[in-house]
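Let us take a walk through this model together, going from the surface to the interior. Please keep the sequence and the 3D view side by side as you read.

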Amino acid sequence: MTQAEHWDNSYQDILRFVETNKRRPSKYRPDERAMHNWLKYNRKLLNHDQLDPDRRKLFIKLEELLREHRHINQFQ
């Protein structure tokens with residue numbers, strides 16, 4: 001599997017996860033930790049302007065979807 005295929009598979013896995021569970025992957029659950037780390041790493045690349053332009057568009061769409069499912073603290 002090439003790096004591009006791996007990136008696309010990870011992107012699709014996270015997209016499916018968010019649409020199914022209506023939440024972000026948690027860093028505390030072992031089965032979700034890899035998805036959480038993938039998001040952190042790609043967010044870092046995006047912030048340093050090192051993400052491929054095609055991937056950048058896809059990742060920004062994913063970030064917008066994640067913002068819709070952001071946890072809201074009930075005590076605020």
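Proline 30 counts as exposed, because its relative accessibility is 65% and exposed means over 50% relative accessible area, with buried under 20% and partly exposed in between (1.4 Å probe, protein chains only). You will find proline 30 in the loop between helix 1 and helix 2. From the C-alpha of proline 30 to that of aspartate 52 the distance in space is 29 Å, although the two are 22 residues apart in sequence.

A word on the ground rules: this is a predicted model, in which local features need pLDDT of at least 70 and side-chain atom pairs count only at pLDDT 80 or more, while totals for chains, interfaces and linings use all residues. Residues are numbered from 1 along each chain as its sequence is written, and side-chain values use heavy atoms, leaving out hydrogens and water.

Now step back to the whole chain. It has three helices and zero strands, where helices (H or I, at least four residues) and strands (E, at least two) are DSSP runs numbered from the N terminus. Along the sequence the pattern reads α-α-α. The C-alpha trace spans about 45 × 25 × 20 Å along its principal axes. Of the 76 residues, 30% count as buried. Among contacts (heavy atoms within 4.5 Å) with a separation of 6 or more, 45% come from residues 24 or more positions apart.

Back in the loop between helix 1 and helix 2, look for serine 26. Serine 26 is classed as buried because its relative accessible area is 17%. Its side chain reaches the backbone nitrogen of tyrosine 28 at 3.0 Å. Setting aside neighbours within four places in sequence, serine 26 is in contact with Glu32, Arg33 and His36.

Arginine 23 belongs to this loop too, which runs between helix 1 (3-21) and helix 2 (33-47). With a relative accessible area of 25%, arginine 23 is partly exposed. Its side chain makes a polar contact with that of glutamate 32 at 2.7 Å; such a contact is a pair of N or O atoms within 3.5 Å, and within protein one must be able to donate a hydrogen and the other to accept it, with residues adjacent in sequence counting only if both atoms are side-chain atoms. Beyond four places in sequence, the contacts of arginine 23 are Phe17, Val18, Arg29, Glu32 and His69. The C-alpha atoms of arginine 23 and arginine 70 are separated by 6.8 Å, with their positions 47 residues apart along the chain.

What lies inside? The largest nonpolar core, meaning buried Ala, Val, Leu, Ile, Met, Phe, Trp, Tyr and Cys residues joined through side-chain atoms within 4.5 Å, has 16 residues. Those with the most contacts inside this core are Tyr11, Ile14, Val18, Trp38, Leu39, Phe59 and Leu62. Helix 1, helix 2 and helix 3 (53-68) each supply at least two of its residues, and helix 1 gives the most, with six. In soluble globular proteins, nonpolar side chains tend to be buried together. Take phenylalanine 59 as a viewpoint: apart from residues up to four places away in sequence, it touches Tyr11, Trp38, Leu39, Asn42, Arg43, Leu46 and Leu51.

Finally, turn to where helix 1 meets helix 2. Helix 1 contributes Trp7, Ser10, Tyr11, Asp13, Ile14 and Phe17 to the contact between helix 1 and helix 2, and helix 2 contributes Met35, Trp38, Leu39 and Asn42.
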